[in-house]
Amino acid sequence: MAMVPATYFDGRSTHATRVNAWRDEDVLRWRSADDLQEWSAPWTAVEPSARVTGIPFTLRLRDGAHLQIDHDALPADWFPRHHLIERMADWLERRWMAALAGIVVVVVSLFGMFEYGLPWAADRIATHMPASVEHAMGKQSLAALEGRMLMPTSLPPDRQSHLQSVFWHFVNGIHGAPDVRLRFYQAKAIGANAFALPGGTIVFTDDLAKAVPDDAAFIAVIAHELGHQAHHHMLRQVLRSSGVLIVAGMLMGDVTSMGGVAAGIPMFLIDSHYSRHFEEDADRFALDALAQQNIDPMAFVHAMEALERAHPELQGEELRYASSHPLTGERIARATEASTRFRAAHASDGSHASH
Ligand SMILES: [Zn+2]
């Protein structure tokens, strides 16, 4: 019979007694190392602890008494684990590396959920949202902005109607004529700026309308905003920052979370800006749309320069198009390249750009 070294606590004092334990049919017996004392307990009255590496294996006895045994010393047939799950759990519990790996997996999953899962879900919701819901959301956020951030325009009516007609001429020339509309506002808090709300309302501030040097530069800004709109950027960005609960709610079809998202739009306009990736997508859309309608993409550079002049406070290493549009030299460089290609194409086919 196997003698197992163990430590005995009688449950009445903290005194530890070195003992040797063994199994005798249906009885657990243990004897002090000096052979002076011997104890026993029916096997059915012994309650084994879970096996966790680093914590001694404990056999609980009656009246608070217990025996502690080193894991490695415990005979495999004393408390065999019959159930597969139990054996696997036991295997896992006994291995720190597995425990650590488990922690790593959980941390990586959580990180992955926030870093990739949330943007993925936000993008899915934004691009699959019914147009009616997106419209309602845009209306709701516009109503929240009007009278606060956005005040009635002070542009002369003929200037407004001129820009509206330039806008419609351009929009109707885009393949599939997007469902959009243009609204002018006076907006001291955000200065010269433009943004596309969910549902297709493009807000253009008086300051920006005054800053653009010509119709082509005005259209370049519009084209950029149409790019944001085509890619549902504002909805995606606001959803991304609206948190796990709202995104999860919307993923489950809970449209009441929409109010929370609409409320995030003014916050976004004041505090945040689009990711560089979104800006690049909007720029690409704009440069293509301009060239397709025979407008030299250099208009985009002129628009950016006008924005720089309108926001002298933002001239730093990363110039920003108000708060929502990071403006960098790279963007100007890309627009300049697009212009060079445009001019080369027009020089070779003999036609002349009219803008
Ligand atoms: Zn932008």
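This guided tour moves through the structure one selection at a time. The model is a predicted one.

**The sheet**

Begin by colouring the strands. Seven strands build an open sheet, arranged in the order 4-3-2-1-7-6-5, and their pairing is antiparallel. Select residues 38-42, which are strand 4, and residues 47-48, which are strand 5. Both strands stand at the edges of the sheet and have a single partner strand each, so one side of each has no neighbour in the sheet.

Next, select residues 4-9 and 66-69. These are strand 1 and strand 7, which run antiparallel and are joined by four bridges. Within this pair, centre the view on Ala-6; the residue opposite, in strand 7, is Ile-69.

**A salt bridge between two strands**

Which residue forms a salt bridge with Arg-60? Select Glu-47: the closest N and O atoms of the two residues are 3.9 Å apart. Arg-60 belongs to strand 6 (residues 57-60) and Glu-47 to strand 5, and the pair links distant parts of the chain, 13 residues apart. Arg-60 has a relative accessible area of 41% and is therefore partly exposed. Glu-47 is also partly exposed, because its relative accessibility is 48%.

**Helix 2**

Move to residues 96-128, which make up helix 2, and select Met-97 there. Is Met-97 buried or exposed? Its relative accessible area is 65%, so Met-97 is exposed. Add Leu-100, Ile-103 and Val-107 to the selection: together with Met-97 they form a nonpolar patch on the surface, with about 430 Å² of accessible area.

Now select Leu-118, which is found in helix 2 as well. Leu-118 has a relative accessible area of 11% and is therefore buried. Display Ser-241 alongside Leu-118: the two residues are 123 apart along the chain, yet their C-alpha atoms are separated by 9.0 Å.

**A buried histidine**

Select residues 215-230, which form helix 6, and find His-224 among them. This histidine counts as buried because its relative accessibility is 2%. Show the side chains around His-224. Its side chain makes a polar contact of 3.0 Å with the side chain of His-228, and another of 2.9 Å with the side chain of Glu-279.

**Ties between helix 10 and helix 12**

Side chains of opposite charge can pair when their charged atoms come close. The model holds 12 salt bridges, and the next stops show further examples.

Select Glu-330 and Arg-276, which form a salt bridge with their closest N and O atoms 3.5 Å apart. Glu-330 lies in helix 12 (residues 329-349) and Arg-276 in helix 10 (residues 276-292), so this pair ties together parts that are 54 residues apart in sequence. Both ends are partly exposed: the relative accessibility is 43% for Glu-330 and 41% for Arg-276.

Then select Asp-283 and Arg-331, whose side chains meet in a salt bridge of 2.6 Å, N to O. Asp-283 is in helix 10 and Arg-331 in helix 12, so the pair ties together parts that are 48 residues apart in sequence. Are the two partners buried or exposed? Asp-283 is buried, at 2% relative accessibility, and Arg-331 is buried too, at 4%.

For the last stop, select Asp-123, Arg-236 and Arg-240, which salt bridges with shared partners join into one network.

Conventions. Residues numbered from 1 in each chain as written. Predicted model: local features only at pLDDT ≥ 70, side-chain atom pairs only at ≥ 80, totals over all residues. Heavy atoms only, no water. Patch = residues over 30% accessible without salt bridge, like charges linked within 9 Å, V, L, I, M, F, W, Y side chains within 5 Å. Areas by Shrake-Rupley, 256 points an atom, 1.4 Å probe, with all protein chains shown as cover. Salt bridge = Lys/Arg side-chain N within 4 Å of Asp/Glu carboxyl O. Buried < 20%, exposed > 50% of the residue type's maximum accessible area, 1.4 Å probe, protein only. Pairing = 2+ DSSP bridges. Polar contact = N/O pair within 3.5 Å; in protein donor to acceptor, adjacent residues only side chain to side chain.
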